[in-house]
Amino acid sequence: MKKFFYWCICVFNLVVWQQVHAQITVIKNVTVIDGTGNLPRENMDLFIKGSNIAAITPTRKIYPENHLIIDLTGKTVMPMLINTHGHIGLLKGTKTSALNYTKENIVSQLEKYEKFGVGTMMSLGTDREIIFGLRDSSKAGKLSGAYLFTAGYGFTTKGGGPTTEGGKDLFFRPTSPEEARINVKTLARLKPDMIKIWVDNFGSDAEKIKPEVYQAIINEAHLHHIRVASHLYYLEDAKALVKAGVDVFAHSVRDTEIDADLIASMKNKGTIYIPTLSLDKYAYAYAETPTWINDDFFRVSLEPGVLAMINNEEYRQKTLNSPSYQRNVKAFQNAMKNVKKLFDAGILIALGTDSGAQPIRTQGFSEHLELELLTDAGLTPLQAITVGTQNGAKVLGINKDRGTLEAGKKADFIILQANPADNIKATRLIEEVWKNGKLLNKGPLK
């Protein structure tokens, strides 16, 4: 017995010694953008112990012997981005399909997000059965790529959007409040991270979810402590959804400018806003020649065949002559005005892109384009970065561990060649991607 206790004491002392003397990695003499909205701090040292940030201090000249020093003078460090509205698994090449929805394709896309500096993504409502096991593995750190969250199967109407083409077919389509509550209970057993509803007629005569049905969805979801995010388009639907208690707007209000009444009710209810500006830009961008078309950072994000598709004159003319072209242009203009109004009013804005739902909504690049569009809408680069980091972590409930660079949080960050506080496009100049205190890759261009 004495030998056993002696052995236990030795093991305990060894563990303590290892913790005390574990090697510290120091990212030396960098500019730190921490994601909180604070101004960049120049000439800083980022101390990493294990998977966490141990400290962030002004740079020094002398370090203990057990410190690994990585001098990155002139570089900028910022948190990895968080995409609170994306889609996973269905896209491959120029098509979306249920046949593409495999573990291999999902993991490949999560790794792609990660290579572009997107550390976490929420797949919002177009998933299939295998997603829940993969989500659990991801949260346990057993799946490579960006951390995965899912809303599972979304809610829409019979014959309503989104269309069932391209593998987007596993939806609940309740026709009554009673059926809606049963559907939510069924989904709740799978523990989705959020519930997604579609309230839109997509500019047609398609039927929207009736208010009494989405009210039942929201009420039942809240009984299970699950938040509800809604696809929407119209101001009148936004007002009704806030009144019903929806937690998240998954898109912009786009038919008109938001009014004071909606802003007041959103503030009162704490409604979160995910503008997905890039989605609305993509809807008509290739009728023109967008500024990013020749950017290598954009091109390497595309699935095979997509670049040829969007460069095709027939595709350009089809987009330009589409009956919805002018509607899409106006929708984007309204979205840009509305996000600035809501940001100025103090509404929590989070980054989302709807990337992965269509070939032109490319995963990885879209999240950086969203930052640029937020600044075009009137946010400062630092404000846009906070939307893409800290705010997303709050939305997904991971802000205790991720979203900002602070002592005690996970060492998940990207190293940039230039400071995006000066020019937001510098977020695309990725030198390295780090996760859990380890160097993962050198970004998508290397």
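## Aromatic contacts and charges over rings

The charged end of K196 lies over the W198 ring, at 3.8 Å from the ring centre. This and the values that follow come from a predicted model. A second lysine, K435, places its charged end over the ring of Y147, 4.1 Å from the centre of that ring.

Contacts between rings come next. Searching the whole structure gives 17 aromatic pairs. One of them joins W292 and F365 in a tilted arrangement, with 6.2 Å between centres and 45 degrees between planes. W292 belongs to the loop between α8 (277-285) and α9 (296-299), while F365 is part of helix α13 (residues 365-376), so this pair ties together parts 73 residues apart in sequence.

F365 also pairs with F298, here edge-to-face. The F298 and F365 pair links distant parts of the chain, since F298 is in helix α9 and F365 in helix α13, 67 residues apart. The geometry of both pairs is listed below.

| Pair | Arrangement | Centre to centre | Angle between planes |
|---|---|---|---|
| W292 and F365 | tilted | 6.2 Å | 45 degrees |
| F298 and F365 | edge-to-face | 5.0 Å | 65 degrees |

Are these rings buried or exposed? W292 is buried, with a relative accessible area of 4%. F365 is buried at 0%, and F298 is buried at 0% as well. The cut-off for buried is under 20% relative accessible area.

W292, F298 and F365 belong to a cluster linked by ring pairs, which also includes F116, Y282, Y286 and F297.

Key. Residues are numbered from 1 along each chain as its sequence is written. This is a predicted model: local features need pLDDT of at least 70, side-chain atom pairs count only at pLDDT 80 or more; totals for chains, interfaces and linings use all residues. Side-chain values use heavy atoms; hydrogens and water are left out. Rings of Phe, Tyr and Trp (its six-membered ring) pair if their centres lie within 6.5 Å; planes under 30 degrees apart count as stacked, over 60 as edge-to-face and the rest as tilted. Helices (H or I, at least four residues) and strands (E, at least two) are DSSP runs, numbered from the N terminus. Buried means under 20% relative accessible area, exposed over 50%, partly exposed in between (1.4 Å probe, protein chains only). A charge sits over a ring if NZ of Lys or CZ of Arg is within 6 Å of the ring centre and within 35 degrees of the ring normal.
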